[in-house]
Amino acid sequence: MEKITISLPENISDITLDQYQKFEVLSKRTDLDALGINKRIISIFTGLKYKEIDNIPYKDYEDIIAQITEALGQTAPFQNTFKIEDVEFGFMPNLDDMTTAEFMDLSNYGLSIDTYHNVMAVLFRPITSKDKFKNYKIANYTGTKEHSDVMKRMTMDVVLGAIGFFYHLANELRVDTLKYTKEDQAKAEHQTTLKSGAGMLV
């Protein structure tokens with residue numbers, strides 16, 4: 001029997017966004033049994049064909065599934081830059097400066113795994129300049145068409161770190177906005193009460 005060489009993901013940084021999205025689609029299928037699901041999982045993360053998977057010793061088969069499961073279950077810290085080939089991408093340096101176009105696109109894409117490549121193309125863009133303190137500027141936003149497919153090659157440690165960081169900031173912004181709205185409303189009601197009272201003091 002011909003020996004099969006398998007390249008397995010050792011951690012989340014060995015998994016691409018494209019693989020992760022394919023895995024997400026597969027996990028929603030209800031027409032496959034456990035063996036069918038597992039064989040497709042191995043194919044996604046190793047590149048092996050089904051016939052090659054059939055020739056894997058069962059002990060190795062179980063170890064492969066366990067290794068992939070462990071890698072998928074890992075978390076990752078936020079990283080503000082990464083490279084794909086020779087292009088370095090940087091996370092938006094200041095979310096307070098987010099444009100209307102960026103905000104609307106992020107709102108429309110949401111935080112769904114099947115649109116992560118589009119979300120990443122909003123949050124990350126090519127770095128145009130960088131100083132000795134690692135401060136950088138990124139390309140102006142012109143939509144996601146140019147880089148969304150490229151972002152599928154991002155590794156999942158960068159993706160998950162960015163999603164977690166952005167989701168945390170988005171929640172903080174939402175809480176601050178709600179707090180401001182309630183305080184503003186209370187102030188308006190208080191001023192209305194004072195005006196009403198002033199009208200009575202004649």
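In this predicted model, helices α5 and α6 cross in a left-handed manner. A pair of packed helices is described by the angle between their axes and the distance between those axes. For α5 and α6, the angle is about 165° and the axes lie 10 Å apart. Because angles over 145 degrees count as roughly antiparallel, α5 is roughly antiparallel to α6. On the α5 side, the contact is made by E102, D105, L106 and Y109; on the α6 side, N118, V119, V122 and L123 take part. Sorted by class, the residues of this contact comprise five nonpolar, one polar and two charged.

The two partners can also be looked at one by one. Helix α6 spans residues 116–123 and is mostly covered, with eight of its eight residues buried. The buried residues of α6 are Y116, H117, N118, V119, M120, A121, V122 and L123, and the contact with α5 draws on N118, V119, V122 and L123 of α6. Helix α5 covers residues 100–109 and includes N108. With a relative accessibility of 61%, above the 50% cut-off, N108 counts as exposed. From C-alpha to C-alpha, N108 lies 9.5 Å from V119, a residue 11 positions away in sequence. V119 itself is one of the buried residues of α6, so the pair joins an exposed residue, N108, to a buried one.

A second packing arrangement brings together α1 and α2. Helix α1 (residues 17–27) packs on α2 at an angle of about 170°, and the two axes are 10 Å apart. This angle makes α1 roughly antiparallel to α2. From α1, the residues Q19, K22, F23 and L26 meet I37, R40, I41, I44 and F45 of α2. Six nonpolar residues, one polar residue and two charged residues make up this contact. K22 and R40, both named in the contact, are 18 residues apart along the chain, and their C-alpha atoms are separated by 9.7 Å. K22, which belongs to helix α1, counts as partly exposed because its relative accessibility is 46%.

Helix α2 (residues 34–46) also packs against helix α4 (residues 58–72), here at an angle of about 65° with the axes 10 Å apart. The two helices are therefore roughly perpendicular to each other, and α2 passes α4 in a left-handed crossing. The α2 residues in this contact are L35, N38, I41, I42 and F45, while α4 contributes Y61, I64, I65, I68 and L72. By class, nine of the contact residues are nonpolar, one is polar and none is charged. Readers following α2 in the structure will find I41 and F45 listed in the contact with α1 and listed again in the contact with α4. An α-helix has 3.6 residues a turn, so residues three or four places apart point the same way.

Two loop residues deserve a look for their backbone geometry. E85 has a phi near 55°, a positive value in a residue other than glycine. E85 sits in the loop between β1 (81–84) and β2 (87–91), and at 64% relative accessibility E85 counts as exposed. K134 likewise is not a glycine and has a positive phi, of about 70°. The loop that holds K134 connects β3 (124–130) with β4 (136–138). K134 counts as exposed too, with a relative accessibility of 67%.

Turning to the chain as a whole, the protein has seven helices and four strands. Read from the N terminus, the order of these elements is α-α-α-α-β-β-α-α-β-β-α. Of the 202 residues in the chain, 32% count as buried. The chain exposes about 13,500 Å², and carbon and sulfur atoms supply 52% of that area. Among contacts between residues at least 6 apart in sequence, 69% join residues at least 24 apart.

Notes. Residues are numbered from 1 along each chain as its sequence is written. This is a predicted model: local features need pLDDT of at least 70, side-chain atom pairs count only at pLDDT 80 or more; totals for chains, interfaces and linings use all residues. Side-chain values use heavy atoms; hydrogens and water are left out. Buried means under 20% relative accessible area, exposed over 50%, partly exposed in between (1.4 Å probe, protein chains only). Axes are lines fitted to C-alpha atoms, for helices over the stretch in contact, and angles run from 0 to 180 degrees between N-to-C directions. Angles under 35 degrees count as roughly parallel, over 145 as roughly antiparallel, 65 to 115 as roughly perpendicular and the rest as oblique. A crossing is left-handed if the near helix is turned anticlockwise from the far one by less than a right angle, and right-handed if clockwise. Contact means heavy atoms within 4.5 Å. Ala, Val, Leu, Ile, Met, Phe, Trp, Tyr, Cys and Pro count as nonpolar, Asp, Glu, Lys and Arg as charged, and the others, Gly among them, as polar. Accessible areas come from the Shrake-Rupley method with a 1.4 Å probe; for residues, only the protein chains shown count as cover.
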